[in-house]
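Visitor: Can you walk me through this one? I'm new to it.
Guide: Sure, here it is.

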Amino acid sequence: MSTEFAPATGLLATLDLLRVSVGGPVLHVRLNRPAKRNALSDTLIQQLHTAFIHLPEGVRAAVISGEGNHFCAGLDLAELVERDVASGVLHSRMWHAAFDAIQFGQVPVVAALHGAVVGGGLELASACHIRVADHTTYYGLPEGQRGIFVGGGGSARIPRLMGVARMTDLMMTGRVFDAQEGMQVGLSQYLVAEGESLAKALALAQRIANNAPMSNFAVMHALPRIADQSQTEGLFTEALMAAVAESTPEAQDRLRAFLEGRAGKVVKSS
Ligand code: 1HE
């Protein structure tokens, strides 16, 4: 069963570097600068930020994909101007704000990857909650070769996926991981056939949208923070989050549905 997607209206329709559509509870945000391989200009970063802080009513999960042959070529190098230290910090903080609105926003976000996922493109992907790659996907951090450093949250997020040593290798040597390697090291959670990542990401987003919002909230907001805490603090945060989630009427309804045989069992996927 495939959901019909319709172009978003209102503010989201005015974002010219994105193509935003809505299908039931799922928002699809497509980076729409294929002539520049979806390079992240300041305007594109601001439009992403705007989209994720103005989700239409009823949206419960989102997908980010890229138009054309590549997910995203990273920072728009044509905009890399000489900045003084203060404006350099503020520029990086603008990226942080946009990607924080994705990672710690209102709804889970699935990235549908293909082709180049490089530099800031990998930083964007790593701000999403689930990454689905197809076999054309490859990952690189060419900042080392360009004489710069990551600035879109990559140093905080990417090592949490694949470790500091692997990120060091990509940045220092220019090594590129193919889709299979990316899957093995934890950059993607799913690897699908060429051209299938968007369909898979949309299907996962549909499933995620069926979860109780409080469960999704807990996974998005509590899980990564607990991972940053000491065990003592983490266990306390977990206990609080569990108590909040369990006390919602939706949790009570869902537990009752299972006990009365009205909810699905946990079975092996076919
Ligand atoms: C760009 C960019 C870009 C393409 N900024 N314009 N990112 C990089 O170092 C990656 C640079 N890009 C590439 O390595 C390649 O373009 C790709 C492998 C992604 C795609 O190759 P291809 O052969 O399909 O396309 P192309 O011919 O290289 O590029 C098509 C056009 O897009 C061309 O412009 P045109 O006007 O000549 O047609 C390219 O100049 C343009 N283009 N990528 C600007 N990135 C917060 S800090 C984050 C730091 C970083 O992200 S550093 C990594 C930057």
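Guide: We'll look at the ligand and then at the pockets.

Visitor: What kind of model is it, and how are residues numbered?
Guide: This is a predicted model, where local features need pLDDT of at least 70, side-chain atom pairs count only at pLDDT 80 or more, and totals for chains, interfaces and linings use all residues. Residues are numbered from 1 along each chain as its sequence is written, and side-chain values use heavy atoms, with hydrogens and water left out.

Visitor: Which residues come nearest the ligand?
Guide: K36, A73, L75, G120 and R146, out of 23 around the ligand. A residue is near if one of its heavy atoms lies within 4 Å of the ligand.

Visitor: What polar contacts does R146 make there?
Guide: A polar side-chain atom of R146 is 2.6 Å from a ligand oxygen. A polar contact here is a pair of N or O atoms within 3.5 Å.

Visitor: And G120? How far is its polar backbone atom?
Guide: That atom lies 2.7 Å from an oxygen atom of the ligand. For A35, a backbone N or O atom lies 3.3 Å from a ligand oxygen.

Visitor: How much of the ligand does the protein cover?
Guide: 65% of the 1,000 Å² of accessible area that the ligand has on its own. Those areas come from the Shrake-Rupley method with a 1.4 Å probe.

Visitor: Switching topic. How much space lies in the largest pocket?
Guide: About 920 Å³. A pocket is an open set of points on a 1 Å grid over the protein atoms alone, where a 1.4 Å probe fits, with protein on both sides within 12 Å along at least five of seven lines. Lining residues have an atom within 4 Å of a point. The volume is the space filled by probe spheres set on the points.

Visitor: Which residues lie nearest its centre?
Guide: Q103, C128, H129, V219 and P224, among 33 lining residues.

Visitor: Which helix gives the largest share of that lining?
Guide: Helix 9, with nine residues. Helix 9 spans 213–228. Helices are DSSP runs of H or I, at least four residues, numbered from the N terminus.

Visitor: Which domains does the lining draw on?
Guide: Domain 1 (6–209) and domain 2 (213–259) each give at least three residues. The bounds come from an automatic or database domain assignment.

Visitor: What about the second largest pocket?
Guide: The second largest pocket holds about 620 Å³ of space. Its 26 lining residues include L75, L80, E143, I148 and F149, the closest to its centre. Helix 2 gives the largest share of that lining, six residues.

Conventions. Polar contact = N/O pair within 3.5 Å; in protein donor to acceptor, adjacent residues only side chain to side chain. Helix = DSSP H or I, 4+ residues; strand = E, 2+ residues; numbered from the N terminus.
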